[in-house]
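Student: I have a structure to learn today. Can we go through it in short steps?

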Amino acid sequence: MAARIAAGSGDELTVAYRRLNAAYQQTLRYAEDVRRLYQQVQRAIHQSLLGLANALEAKDAYTKGHSERVGAWSRGVAAALGLPAADVDMIGQAGLLHDIGKIGIPEAVLRKPGPLVDEEWTVMRNHPLIGAQIVAPFDFFAAGALMIRHHHERWDGSGYPDGLAGDEIPIGARIIAVADVYDALTSSRPYRAAMPHATVIARLGEASGRTLDENAVVAFVELIQSLSTARPDVGARPVHPAALRPPLR
Amino acid sequence: MLTILIADDEPHVVDLVRLTLEDGRISVKDACDGETALAQAEALLPDLIFLDVHLPDISGFEVCARLRQNPRFGRTKIVMLTAAAQESDVARGLSAGANHYLTKPFSPVRLISLVESVAPHVPVWQRG
């Protein structure tokens, strides 16, 4: 009797083990698919944003190098400020796309070979709003859309489109603004040569705490001086044909 | 509404299929043995039936064959759930009238694509 019970228990344990193992193997299969699908989604997100950046490049070749530099530097500053990894990614992506709204700016304004008049500036200043609208369908990029909308706000509230000041401005937009100003001033324009790196760093120092976020400026300067992509040689750079227009102000 | 019947005596398999497929456009019903599966099939006339090969009373092959003898199920798609190592089960299921087979452990992506191939007018998971 005891032996039969023991044998029966053994069979039951074997069956239970097989069932448990089958469930375990099935769980592993789902987990593998989750990981693979997550990676595919991340790649698709990255590729869709790159596609948007390519669209802007097709319209305004000048912005390609500019967008990529601002994106990379913004990501670096966000990381240096200790922001969470997801925020760092988002800020890098928003930096890449911060000028995407220029797609909606008429070419006569975008490529004008000279300074813009007031009416043209009014049109040009729509690009942060247009940019935010372009990326609005991306639910995952809602924070990035706000960074794009506010990348021309100023710390003292004198920027556009909403005149936000200080901490009202999303941190990503404050970071992008610093990288944007640095890259604009170190780039050549038809009516002025590119400013030397040291001069631009001094300008950033003057703007720090006034039009630019001090923390973002400090982190940016530390980053740019540590990178080989800092541009002490900008004076020697040729003017890109598509850069025949003034910087945004 | 797409109605799917799954006949399997393992609750975790039924739960995974339901979790993966069921939404506002797909209803997942279950049966824990062959006789219940036949009764449920008669009552629900599902669009798609998943049949585990190793049901506790009658085999999934038998259930499949009996369903195929009934003209009411002429358009019903039948998918056999087989163990990965049992290739002979695949051939046996197809000869019993199954349209497809799904080996365990199964991939949720394969499960979804299989349902979409059977019912292309009902996309699995909300798009857009």
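Student: Which residue of E4(B) does B:Leu51 stand opposite?
Tutor: This is a predicted model, in which local features need pLDDT of at least 70, side-chain atom pairs count only at pLDDT 80 or more, and totals for chains, interfaces and linings use all residues. Residues are numbered from 1 along each chain as its sequence is written, and chains are lettered from A and ligands numbered from 1 in the order in which they are written. Strands (E, at least two residues) and helices (H or I, at least four) are DSSP runs, numbered from the N terminus. Opposite B:Leu51, in E4(B), stands B:Met80.

Student: In which sense do E3(B) and E4(B) pair?
Tutor: Two strands pair if DSSP finds at least two bridges between them. E3 of chain B covers residues 48–52, and five bridges join it to E4(B). The sense is parallel.

Student: What hand does the crossover from E3(B) to E4(B) have?
Tutor: The chain passes through helix H3 (residues 60–69) of chain B on the way, a β-α-β crossover. Look with the strands pointing away from you: a clockwise path from the first strand over the helix to the second counts as right-handed. This crossover is right-handed.

Student: Which residue of E5(B) stands opposite B:Val79?
Tutor: E4(B) also pairs with strand E5 (residues 100–104) of chain B, in the parallel sense over five bridges. In E5(B), the residue opposite B:Val79 is B:His100.

Student: Why is strand E4 of chain B largely enclosed by the rest of the structure?
Tutor: A residue is buried if 20 or more other C-beta atoms, placed from the backbone, lie within 10 Å of its own; it is exposed if 12 or fewer do, and partly exposed in between. E4 spans residues 77–83 of chain B. The strand is largely enclosed because the buried residues number five of the seven.

Student: Now chain A. How many helices does it have?
Tutor: Chain A has zero strands. From the N terminus on, its elements run α-α-α-α-α-α-α-α-α-α. The helix count is ten.

Student: Which helix gives the most to the largest nonpolar core?
Tutor: A nonpolar core is a set of buried Ala, Val, Leu, Ile, Met, Phe, Trp, Tyr and Cys residues joined through C-beta atoms within 7 Å. The largest has 42 residues, and A:Tyr182 is one of those that touch the most other members. Helices H8 (171–185) and H10 (214–226) of chain A are among the elements giving two or more residues. With nine residues, the top giver is H8(A).
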